[in-house]
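Got your viewer open? Let's take a short walk through some charged side chains, one selection at a time.

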Amino acid sequence: MEHAKPRFRLGDDAAKALKVLVPLATTVVLLAWLFHKVNYHQVLDIIHRGVDYRFIIAMMVVTCLSHIIRGIRWGIQLRAAGVPRMPVVAESVSIFGAYALNLVFPFLGEAWRCVYISRRENVKLSTVVGTDIGDRASDGIMIGLIVVLAVFVARPAMERFASEYRIGSILEDALSGVWLWVGLAALICVLLLLDYIFRRTAVVQGINTSCARIWNGFAVLFHLHGIGAYLWLTLGIWVCYFLETYLCFFAFPFTRELISQPGMCWGLVPGLVVFVFGSCSMIVPSNGGLGPWNIAVAFAMTLYGLSEAEGAAYSLICWSFQSLMLVICGIFSAIYITSYRKKRKRAEAKADESQVK
């Protein structure tokens, strides 16, 4: 009897290749564009002579703290979805590993942390995915609120962005117009219609079942027992994220000048604008935000009169040391997971021996 030869699926292989190549190409192209616009030697000169690394190290500590808080918050969602309580270190490790893997490939970390929890606690993957979607939905809401806050608190800078830069005017027109929302509504209607027409097919039924489980994991946000703790932890995460940007303001002489200028509220206002631009750039697929984040942050600084070279130096130092912290946390995660698996295997072996006796 002949063994069936594995078929070469051109479509699947092409899709996998695109998932890797598109973020990598985005990162390379945007970094090349960034250094085409700035004086590379001036950036290196700023980095060599003007950085107070005490605040950079403080930023790294806050980065680690933000992931610990996120892990604890996700644990609240997981327990509401029926996942057993885990130690805080295990919850933190799920976030450490996810963010470290996102440096390699966008969204790989999100998939990994869901698989990790699913296998560790022996629960449905789709349920865990639903809680992850709820986790990211909370982030989307927070980004929206922060953007609104920036529009009111830093109105001059935001108005300058909308009036003097083409991308700002395009975004303003798109969000204030009706066609974007009409198009989104039409797309949703088409998808619902297709789902109804093909509802009896196995493929659609499988999709609907997975979507139902995902929704159940997401819906725990609406009936959490620890809703107060969840909200406080959410605030804690985003305060830490803001502090990562703000602490780095003290590390460079040109951003320290913004802190002391009148009307800047000790640098909190420009820090908020830089933070908003950096946060919004993360929707662009790239390796750990490298490229889009740097450009967005450097651009936001030009709204306050800083040079592109200064903005590039700030963004490169902040991104590099933040990524270093993620790598350290990722290594810790790998050590912890390996140790935990060995310990569990030994416990299972002892349990089997006791049953035999």
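**A tour of the salt bridges**

Start by selecting Arg-73 and Asp-139: their side chains form a salt bridge, with 3.7 Å from N to O. Zoom out a little and you'll see that this pair connects distant parts of the chain, since Arg-73 sits in helix H3 and Asp-139 in helix H6, 66 residues apart. Keep in mind as you go that this is a predicted model.

Now turn on the surface. Is Arg-73 buried or exposed? Arg-73 is buried, because its relative accessible area is 0%, and buried means under 20%. Asp-139 has 5% relative accessibility, so Asp-139 counts as buried too.

Stay on Arg-73 and add Asp-135 to your selection. These two side chains also meet in a salt bridge, this time at 2.7 Å from N to O. Asp-135 belongs to helix H6 (residues 125-153) and Arg-73 to helix H3 (residues 53-80), so this pair ties together parts that are 62 residues apart in sequence. Both Asp-135 and Arg-73 are buried.

Next, widen the selection to Arg-70, Arg-73, Glu-110, Arg-113, Asp-132, Asp-135, Arg-136 and Asp-139. What links them? They are joined in a network of salt bridges.

For the last stop, pick Arg-54 and Asp-52. Their side chains make a salt bridge as well, at 2.8 Å from N to O. Check the surface here: Arg-54 is exposed, because its relative accessible area is 62%, and exposed means over 50%.

Want to keep exploring? The count comes to twelve salt bridges.

Methods:
Residues numbered from 1 in each chain as written. Predicted model: local features only at pLDDT ≥ 70, side-chain atom pairs only at ≥ 80, totals over all residues. Heavy atoms only, no water. Salt bridge = Lys/Arg side-chain N within 4 Å of Asp/Glu carboxyl O. Buried < 20%, exposed > 50% of the residue type's maximum accessible area, 1.4 Å probe, protein only. Helix = DSSP H or I, 4+ residues; strand = E, 2+ residues; numbered from the N terminus.
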